[in-house]
Each structure stands twice: as structure tokens, then as C-alpha cells.
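The following exchange asks how descriptive terms applied to a protein model are justified. Each answer sets a computed value against the criterion in use.

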Amino acid sequence: MKVALIGYGASGRSTLYRAAARGLAKGDVTAVPVPDPRFDTIVAQVKPKKQTPASVILHDDLEAIQGGGKAFSLRFIDSAKKADLLLHVVRGFDSPTVPYHDDVDPIRDQEAIDVELVLADLQIVENRLERLKKSATLKTSGSPDYMENDLFTRLKEPLEDGQPIRGMELSEDDQAIVRNYQFLSAKPMVVAFNVDEAQASNPSDKLKKLIAELAKRETPAFPVCATIEEEIAQLDPADQPEFLESLGLSEPASARVIRAVYDALGLHTFFTAGENETRAWPLRKGSNALKAAATIHNDIAKGFIRAEIVHYEDYVAAGSLDAAYSAGKMSLEGKEYAIRDGDLIHIRNKS
């Protein structure tokens with residue numbers, strides 16, 4: 001899953017990218033493990049030869065957004081369209097070198113970029129509606145052009161009112177059309193307000209209110225201090241807990257951001273626990289056992305017989321996978337079983 005970091009110049013976007021990458025960044029694209037204590041517990045018990053956590057791919061290769069009311073460049077739009085999620089880094093700290101706005105106003109900056117995302121989509125909708133007027137099948141109920149015209153007509157007014165597509169109620173057919181056009185305001189978004197150290201642990205009331213409002217629009221938002229987060233990422237793992245405690249933190253804020261990104265992508269995790277490899281697998285929420293099998297390998301899905309399922313809570317209570325099996329906590333499920341977050345899975349298949 002491609003996560004594109006966006007933001008105005010000097011927002012601290014690249015600093016947060018390096019912090020979230022936890023020292024793994026080599027260039028502007030990095031696979032970042034999703035922090036998951038459950039995976040750590042399984043690995044500690046199984047002691048596999050290889051461990052593979054779930055991960056998301058962070059991209060810090062989009063150009064900085066220009067301020068002063070300038071529209072997005074075509075280069076930015078083309079790059080952002082390829083992303084599965086946008087991670088918007090918003091400046092909330094003083095900087096004498098910032099090229100956009102003299103004063104610090106994260107609320108203004110966050111809203112300004114949201115408006116530009118909506119305007120970019122509105123232009124596509126208006127252009128497409130104009131072209132559809134010439135279609136010979138425009139009035140043929142059920143035709144692709146009829147369906148597009150109906151959807152885009154419904155999208156136009158909310159977009160004109162500044163409402164992102166991601167907050168609109170759409171049918172599955174509508175969503176398929178929206179995905180085809182890669183609308184920017186339809187993409188899931190997570191907002192990281194890059195603030196100073198004091199605000200990271202105690203944000204202002206105005207910022208708290210905005211974060212709450214964004215949550216109502218299904219847009220997770222967090223205050224982070226990217227500079228501190230980068231310092232934490234550069235520490236030896238053994239030294240991190242003490243440093244975090246001195247800051248009044250239980251974990252790096254960048255870890256919360258990565259988990260929020262993972263969740264906003266509509267993903268949860270299932271596990272395979274083997275001695276050769278123990279692995280955490282990302283899976284779309286609501287997916288069934290056959291889809292989980294295909295995620296592991298297409299050949300496993302083709303030969304699917306049954307899925308052996310142990311819920312994570314039962315695994316922890318038993319102390320091991322063998323103990324969970326012995327205690328009768330394994331269930332045999334068919335293709336349509338809805339995978340639960342944290343399920344440990346073994347697929348019986350025709351080999």
C-alpha cells in the first residue's frame with residue numbers, strides 16, 4: 001500500500017518520514033513495519049528463523065505544495081493519484097525559514113490543502129460532465145456514461161461546498177467509478193500536525209477541537225514533534241524507553257501515526273506462525289478465509305480445503321499454538337469465514 005506524504009515546504013514532512021521509517025530510510029521510499037505487540041508476542045514464543053511484520057510503503061518523493069493560493073502542479077497531482085493514502089504533514093511550529101505564511105496557523109494550512117484537493121476533483125467532475133453531454137448513450141439507463149453522469153452530477157454540489165469525496169455516502173458502484181478516476185479528496189487521509197515538543201504532549205484547545213472535528217469526518221489526526229521523533233528513531237532500541245519516559249510518552253508518536261495509516265487504509269492483520277517464518281499479513285477488513293489464503297499464495301487459495309483458525313486471545317491464554325489446539329481452541333472454517341483481526345491461520349490445501 002503506497003502512502004504519500006504531502007505538505008507545504010518546511011512543514012517537516014521529510015523529518016517525519018525519516019522518524020516514521022525508524023532508521024530504515026534509504027532514499028525517499030521505505031517499507032515501514034506496522035508496530036504490533038501481538039506479533040512481537042508470537043515471535044517471542046515461536047522463535048522462528050525468519051520474522052516478517054506487516055508494513056506500509058512510505059513515499060517522500062512528492063514535490064512540496066506551493067503556498068499563496070497556488071493550485072497543485074500537474075506533477076503533484078499525477079504523483080498523488082498513484083497513492084493509496086495521503087499523509088498530510090502540517091506545520092505547527094515557528095520557523096524563520098518557512099516559505100509559506102509568516103505566522104503559524106496549522107488549522108488554516110490543513111484546511112487550505114483540503115480545499116485544493118476538493119478543487120482538483122471538482123475540475124475533473126466539471127470537465128467530465130461537459131464531455132458527457134456529447135455522449136450518444138447519456139440517456140441510456142445502465143450505460144457507463146449514464147452512470148457516470150448520474151454520479152458526477154451528485155458529486156458536483158458537495159464538492160462546490162468544499163466537502164471531500166471521502167466523507168460522502170456512496171454505493172459500491174459509485175465507489176468503483178470514483179476509484180477509476182483516482183480522485184484526490186476520495187483517498188483516505190491521516191493528518192500529522194508537526195508541533196513543538198510542548199504541544200506534542202499537550203496540544204492547544206484549538207488544535208484538540210480540530211483533531212476532534214477531523215475524526216468525525218473519518219480523518220485521523222495527531223500532534224507530533226517530528227524533530228523529537230527523529231531523535232528517538234536514531235537511539236538504540238534499548239535506550240528508547242527511558243528517553244520516552246522522560247518526555248512523558250509511552251511510545252513514539254510516529255508509531256501511532258503508522259498504525260493510524262494502516263487502519264485508515266481499511267486493513268487489519270492475520271498471522272501465520274511457523275518455525276521457519278512467522279508473518280503478519282495485511283488484509284482488507286471484511287475479507288474471507290479464501291482471500292486470506294490468496295494473500296499468502298494464489299496456489300494455496302486454488303487448493304483451499306479448510307482454514308484452521310485460532311483467535312489471538314485464545315492463543316495468548318493457552319501460551320502456545322500447540323496448547324491452543326490441545327485445549328480445543330482451534331476451529332475449522334470454510335472459504336467464507338470472515339477473518340478476525342489477530343487470527344492465527346493455517347490453510348489446509350490440496351498440495
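Q: Why does arginine 259 count as partly exposed?
A: In this predicted model, arginine 259 has a relative accessibility of 30%. Partly exposed covers the range between the limit for buried, under 20%, and that for exposed, over 50%. The value of 30% falls in that range, so arginine 259 counts as partly exposed.

Q: What makes the pair of arginine 259 and glutamate 251 a salt bridge?
A: The closest N and O atoms of arginine 259 and glutamate 251 are 2.4 Å apart. The criterion asks for a side-chain nitrogen of Lys or Arg within 4 Å of a carboxyl oxygen of Asp or Glu, and therefore the pair qualifies. Glutamate 251 is partly exposed, at 23% relative accessibility. Elsewhere, salt bridges with shared partners join Asp36, Arg38 and Asp341 into one network.

Q: How many salt bridges does the structure hold?
A: The structure holds 18 salt bridges.

Q: How do you know that aspartate 114 and arginine 166 form a salt bridge, and which parts does the pair tie together?
A: The N to O separation between their side chains is 3.8 Å, and the limit is 4 Å. Aspartate 114 belongs to helix H4 (residues 106–132), whereas arginine 166 sits in the loop between helix H5 (144–160) and helix H6 (172–181), so the pair ties together parts 52 residues apart in sequence. Both aspartate 114 and arginine 166 are buried.

Q: What makes lysine 133 exposed and glutamate 130 partly exposed?
A: Lysine 133 has a relative accessible area of 59%, and exposed means over 50%. Glutamate 130 stands at 46% relative accessibility, and therefore falls between the limits of 20% and 50%. The side chains of lysine 133 and glutamate 130 meet in a salt bridge, at 3.4 Å from N to O.

Q: Why are strands S8 and S9 said to pair, and in which sense?
A: Strand S8 (residues 267–273) and S9 are joined by seven bridges in the antiparallel sense. Pairing requires at least two bridges, so the seven between S8 and S9 satisfy the criterion. Phenylalanine 271 stands opposite alanine 280 in S9. S8 and S9 form a hairpin, with three residues between them.

Q: How do you know that strand S3 pairs with strand S9?
A: Strand S3 (residues 50–52) and strand S9 (residues 277–284) share three bridges in the parallel sense, where at least two are required. Threonine 52 has arginine 279 as its bridge partner in S9.

Q: Which residues touch the most other members of the largest nonpolar core?
A: Val3, Val56, Leu58, Leu87 and Val261 do so, in a core of 38 residues. Helix H11 (residues 253–264) supplies the largest share of this core, six residues. Beyond its neighbours within four places in sequence, valine 56 is in contact with ten named residues' worth of surroundings that include Met1, Val3, Ile258, Val261 and Leu265. A second, separate core has 26 residues, among them Ile65, Leu86, Ile107 and Ala221.

Q: What lines the largest pocket, and how much space lies in it?
A: About 820 Å³ of space lies in the largest pocket. Of the 25 residues that line the largest pocket, Asp84, Arg179, Ala186, Lys187 and Pro188 are the closest to its centre. H6 contributes the largest share of the lining, three residues.

Q: Why does threonine 219 count as buried?
A: Threonine 219 has 2% relative accessibility. Buried means under 20%, so threonine 219 meets the criterion. Threonine 219 lies in the loop between helix H8 (205–216) and strand S7 (221–224). Leaving aside neighbours within four places in sequence, threonine 219 is in contact with Arg166, Met189, Val191 and Leu214.

Q: What makes glutamate 218 exposed, and what is its phi?
A: Glutamate 218 has 63% relative accessibility, and exposed means over 50%. Its phi is positive, about 60°, although glutamate 218 is not a glycine. Glutamate 218 lies in the loop between H8 and S7.

Q: Why does glutamine 182 count as partly exposed?
A: At 34% relative accessibility, glutamine 182 falls between the limits of 20% and 50%, and therefore counts as partly exposed. Glutamine 182 is placed in the loop between H6 and strand S6 (189–195). Its phi is near 50°, a positive value in a residue other than glycine.

Methods:
Residues are numbered from 1 along each chain as its sequence is written. This is a predicted model: local features need pLDDT of at least 70, side-chain atom pairs count only at pLDDT 80 or more; totals for chains, interfaces and linings use all residues. Side-chain values use heavy atoms; hydrogens and water are left out. Helices (H or I, at least four residues) and strands (E, at least two) are DSSP runs, numbered from the N terminus. Buried means under 20% relative accessible area, exposed over 50%, partly exposed in between (1.4 Å probe, protein chains only). A nonpolar core is a set of buried Ala, Val, Leu, Ile, Met, Phe, Trp, Tyr and Cys residues joined through side-chain atoms within 4.5 Å. Contact means heavy atoms within 4.5 Å. On a 1 Å grid over the protein atoms alone, a cavity is a set of points where a 1.4 Å probe fits but cannot get out, and a pocket is an open set with protein on both sides within 12 Å along at least five of seven lines; lining residues have an atom within 4 Å of a point. Grid points are joined across faces, edges and corners, and a volume is the space filled by probe spheres set on the points.
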